[in-house]
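Visitor: I am new to this structure and would like a short tour. Could we begin with the terms and then look at the chains?

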Amino acid sequence: MSHVDHQRLMTLIDALCSQTLDAAGMAELEAMLIDDAEARRVYRHAINTHSTLRQYAQATSSSGPKMTVKPLHVIIAAAVIVVVITVAAIVVHRIFPAKPGEGAGRSAHTAAPIQSDKAPGEKAEP
Amino acid sequence: MALHAEQSDRYTKFAMRLTRARPGLHSFITTLTPNFTEAEKTLRDASLVLWEQYDDYEPGTNFLSWACRIVRRQVIEHRHAASPDAAAAGFSAALIERLADETLVDAELERLAAERRAAGQCIAKLQQGDRNLIRVIYGGKQTAQAIAAQLNRPVQSVHQRLCQLRRAVEQCAQRTLDGEGGAS
């Protein structure tokens, strides 16, 4: 690069991509680019990548589930709740074991919908 | 009936060419129009403008290059028609012309297209959390402010992470291409 401060140029491009570049910054970026071919090359390739990221996001964010970034304490709290519920279920199951007949009846009822991928008329396993 | 089929076939070919050229057009317009909302609008309008001028396109030539030359005029016309405030928010006509001239060289168009393809592979190598961050913010699902609030961190840290990711993807793409060049 001939006379442009590369670090400053990258900072301005970062701000532009973050859409936080103010009018003064925009004027500074223009001044850096207008007379420096190498600065313009750096800018073009950075924006090319930025454009690729935007298109990737637009193409994938509409098809996938909504993603959220959760803070660590929320994730830990959720994990603790899952563990507590699991332990409680095991304890209850050991103290009050299900009668054999009830268990068999319930599993037969709940198993039926799971076999819905069978073709109509297809016989169930004996 | 035959005329209708011919017109339909013509439109189908146009749509296919436009779809293939879309990533390059998006990059080209974004380069000339640093206001990204305005760039998206220009890209949407470009479909109609290109269809209206499709008679001028010579089959077998570079469609992206042809489309960029038309869109370039569109960007310049918008620049001249814009209010002083809107014009001040963008680049000068002189800078737009220089950026367009340098992009519309065949070798540069090919290099930028190759970088976009390589960048796609590099994005796939990012960690899931980083890809999610890109998707929610660049996809417009949530703002950087909202993500920062969820994380209980300053918004600047979210912007910084996105910039790091953009730089990492760009460097990865360039390394990939330079490696291919060295191997050939």
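Guide: A salt bridge is a side-chain nitrogen of Lys or Arg within 4 Å of a carboxyl oxygen of Asp or Glu. The side chains of B:Arg167 and A:Asp14 form such a bridge, at 2.5 Å from N to O. Please note that this is a predicted model, in which local features need pLDDT of at least 70 and side-chain atom pairs count only at pLDDT 80 or more, whereas totals for chains, interfaces and linings use all residues. Residues are numbered from 1 along each chain as its sequence is written, chains are lettered from A and ligands numbered from 1 in the order in which they are written, and side-chain values use heavy atoms, with hydrogens and water left out.

Visitor: How many salt bridges cross the interface of chain A and chain B?

Guide: The rule finds seven salt bridges there. In addition, 20 residue pairs, both at pLDDT 80 or more, are in polar contact between the two chains. A polar contact is a pair of N or O atoms within 3.5 Å; within protein, one must be able to donate a hydrogen and the other to accept it, and residues adjacent in sequence count only if both atoms are side-chain atoms.

Visitor: Which part of chain A supplies the largest share of the side that touches chain B?

Guide: That share, 20 residues, comes from helix H3 of chain A. Helices (H or I, at least four residues) and strands (E, at least two) are DSSP runs, numbered from the N terminus.

Visitor: And what is the whole contact made of?

Guide: Chain A gives 44 residues and chain B gives 47 residues, where contact means heavy atoms within 4.5 Å. The two chains bury about 4500 Å² between them, 58% of it on carbon and sulfur atoms. Buried area is the accessible area (1.4 Å probe) that two parts lose on being put together, summed over both.

Visitor: Back to H3(A): how many of its residues are buried?

Guide: In H3(A), 19 of its 25 residues are buried, and the helix is mostly covered. Buried means under 20% relative accessible area, exposed over 50%, and partly exposed in between (1.4 Å probe, protein chains only). At the start of H3(A), a side-chain oxygen of A:Asp36 comes within 3.0 Å of the backbone nitrogen of A:Glu38.

Visitor: New topic. Where is the disulfide?

Guide: A search of the whole structure finds one disulfide over all chains. B:Cys122 and B:Cys172 form this disulfide, with sulfur atoms 2.1 Å apart; the cut-off for such a pair of cysteine sulfur atoms is within 2.5 Å. Because B:Cys122 lies in helix H6 (residues 106-125) and B:Cys172 in helix H9 (residues 155-183) of chain B, the pair ties together parts that are 50 residues apart in sequence.

Visitor: Why is the disulfide called left-handed?

Guide: The torsion about the S-S bond of B:Cys122 and B:Cys172 is about -80 degrees, so the disulfide is left-handed. B:Cys122 is buried at 3% relative accessibility, and B:Cys172 is buried at 14%.

Visitor: What about B:Cys163?

Guide: B:Cys163 is in no disulfide, and the nearest cysteine sulfur, that of A:Cys17, is 6.5 Å away. B:Cys163 counts as buried, at 8% relative accessibility.

Visitor: Last one: is B:His78 buried or partly exposed?

Guide: B:His78 is partly exposed, with a relative accessible area of 31%. B:His78 sits in helix H3 of chain B and touches B:Glu38, B:Thr42 and B:Asp45, not counting residues up to four places away in sequence.
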